[in-house]
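Colleague: Before I set anything up with this model, I would like to go through a few points with you. Please show me the sequence and structure.

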Amino acid sequence: MPDLIDLTLTQTIAALRNGETSSRELTRACLERIEQLEPSLHAFLYLAADSASAQADAADRELTALRKANSQSPKTLLGIPIAIKDVLTVEGLPCTAGSKILEGFIPPFTATVVKRLQEAGAIVIGKTNTDEFAMGSSTENSAYGVTHNPWDTSRVPGGSSGGSAAAVAARLIPAALGTDTGGSVRQPASFCGVTGLKPTYGRVSRYGLVAYGSSLDCVGALGRTSEDVATLFQIMAGRDPLDATTAGAPVSKIEFVGADGRPPLRGLRIGVPQEYFVRGIQAEVEVGVRKAIGVLEGLGVEVHEISLPHTEYALPVYYIIAPAEASANLARYDGIRYGPRLDAESMWDIYYRTRGRKFGAEVERRIMLGTYALSAGYYEAYYGQAQKVRTLIKHDFEQAFEPSRCCAQVDAIAAPVAPTTAFPIGAHSDDPLAMYLEDVFTLPANLAGVPGLAFPVGFDGAGLPVGMQLMGKHFREDVLLRMAHAYQQVTDWHVRKPDL
Amino acid sequence: MPLSLEEVEHIATLARLELSAEEKTRYRQQLSAILDYFRKLQELDTTDIAPTSNVLSGGSPMRADESRPGLSRETLLENAPEVARGQFKIPPVFDA
C-alpha cells in the first residue's frame, strides 16, 4: 500500500473499511506531516490534535465492531480527518476568520455543514488559514500571517481558502472545506493544483459561517480528485431549516459510470466563452485550458464557442455588491458581545477604537467602499447600477444554458480560473485594485449563483499548477463533477505531488 | 481624485472606524482609484433592467412560528469582554 498521506479520500475510506489502516494511524500520519511542514507552509490557524486523536480512537472502535459484525457503516466518512476553513464554526474550537477582531472567540455552536460531515463520521483536525473575513485572493490579508504555496513557498497559495488548498495540496489532510464568495475556493484550488467546488448559491447551508457577502457566499469543498469532492458535496448539500436561503432542490447520487461502463459524457456540450481568453492572460494558462478542453472533446463532449458579453463588468459589480453586503454584515463586530474590546470613555468610542484597531486594512477598505456605495446620494449610481448589471451577467449565463435563437445551448462552460498561475508573495501588496483583478474569471459565477469546479490541467514553465474551471447550470454540480472525473481518469495532473 | 479627505472622514464615521491621519490619506488615494474604476458601469444603459438581489427564484420560504430551545444565557455571555449581573456591560450611553 502507498504512503497513507498519498491516498485520495476515496482510497482512504476504502482502506479504513477493509482494515488496511486505522483512523488512529491516519490521524497520526496527518498530524505528523502537519508538524513537519507547518513551519514552511502555515496552512493552519488552529490544530485540534487531542480531540482529533480521541475521536479517531472512538471511530476505530466503531470500525472494528462493524468489521466483526461483517457490516458496513452508514457513515461514509467514519474515521476520516478533515480540515475546516476558519470562517466556519466548530463548537469549542477558536474561530477567528483570520481577524484580530475575533481573537479568542470560542463559538458555542457548530456550523450545519461541519455537523453534517461529523455526523457522517469525519474528524475535524484543525482550522485553516484565510484572508481576513475571506476578503482576499492570496491569504496575505490574514491577520495571522500568510500561507505559502506548497509548489513554491515564495508564492501565495491563492485565497481566501488558501490554507485549505495548501493543506490538501501538501497532503497534510485528504480534504478540506473552503468558502467561495468571489472565487475563494476555485482560485486557491487552481494555484495549489487541487480540485475545488463552489456549489450553486443556496445549495449548502451557511448556518455557522462568518458572513461576508450574503448574496454571494457559498461553502465548498477541496480535495485531490473530483470524486473526493463529490463525496463531500453530497453530504454537505441540501436544505437546512437553520438557513432560510438554502434551496430545496434534491441532492441526487452522482453517477460516474454509465450503463456501458464508460463515463456518461456523450451528448454533453461545453461552451468556451471568448471573453475569458483575453489579452493579459498568461500564455501557459490558455494553452493548458485549451488542451484540457481538447481532452474532454476526445471523451465525447461537444465543444462550442460561446459569448458571455458582460464578463468585463463582473469585477466592478462584485466590488460594489460584496463590500456593500460586508459593510452591513461586519457591523456586528463592535467589542460588546464577543471578541476583544478596546476600552474608551463612551460606548461610541469603544466602537470606533475596537473596529479601527482590530480590523485589517483590506477589511477596512471594503467596509468603507460598501458604506460609501450605500450612502445617501450615491446608492443609485453605485449599488443600484451594480444590481442591474448583475441581472445582465446572470442573463448571459441563462442564454448559454437555455435554448435560445442566438447561440448553442451548453451544459457547462469551460474557462481559466485565474489569468495567471500563483504569484509571488507581496506582488500586489500596495495595489488593492491589481489584487482585485486576480478574481476577474471567478466573480461571474458568484454573481449568477451558478456552480463552478476548478481542477488541475497542467503546469507552467516554473512548475506551478494551471487550473481550469467548469461552470454549470443551477443545481447541476453533478455534470461538472462527472466531466472532471472523466478528465482525471485519462490525465495525471491531479496526482502530481509538490516536492516538500 | 473623486474622494475628498472630508468624505473619507465622513465614511469612516458612518462605518464606526477610527483611522489615523496616515490611514485616511492612504485610503483616500486607494478608494479613489477603485471608485474611478467603477465608473465603467456607467457605460451600460440599464433603464429597463430590473435589479438582482437574489439569484434564485424560490423566494423567501416561511417557517412555522414556534418557539424552540436556544443557547443559554451563560453560554452566550462566555465570549463577552465584560459582564455584570448576567448581562453585557457597557459604558453609559446617555450623557449624565
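Colleague: How many helices and strands does chain B have?
Modeller: This is a predicted model, and the elements of chain B come along the sequence in the pattern α-α-α-β-β. The count for chain B is therefore three helices and two strands.

Colleague: What is the radius of gyration of chain B, against the 12 Å that the globule rule gives for 96 residues?
Modeller: The C-alpha trace of chain B spans about 55 × 45 × 25 Å along its principal axes. Buried residues account for 17% of its 96 residues. Chain B is more spread out than a compact globule, because its value is well over the 12 Å of the rule: 23 Å.

Colleague: Which element of chain B has the lowest mean pLDDT?
Modeller: Chain B as a whole has a mean pLDDT of 92, with 97% of its residues at 70 or more. Among its elements, helix α1 (residues 5-14) of chain B has the highest mean, 97. The lowest mean, 95, belongs to helix α3 (residues 73-77) of chain B.

Colleague: What are the ipTM and pTM of the model?
Modeller: These two scores are for the model. They are ipTM 0.95 and pTM 0.97.

Colleague: Which helix gives the most to the largest nonpolar core?
Modeller: That core has 176 residues, and I82(A) and M483(A) have the most contacts inside it. Beyond four places in sequence, the contacts of I82(A) include L117(A), I125(A) and I173(A). With ten residues, the helix that gives the most to the core is α9 (residues 314-329) of chain A.

How values were computed:
Residues numbered from 1 in each chain as written. Chains lettered and ligands numbered in written order. Predicted model: local features only at pLDDT ≥ 70, side-chain atom pairs only at ≥ 80, totals over all residues. pLDDT = per-residue confidence, 0-100. Helix = DSSP H or I, 4+ residues; strand = E, 2+ residues; numbered from the N terminus. Rg over C-alpha atoms; globule rule 2.2 N^0.38 Å. Buried ≥ 20, exposed ≤ 12 C-beta atoms within 10 Å, placed from the backbone. Core = buried A, V, L, I, M, F, W, Y, C linked by C-beta atoms within 7 Å. Contact = placed C-beta atoms within 7 Å.
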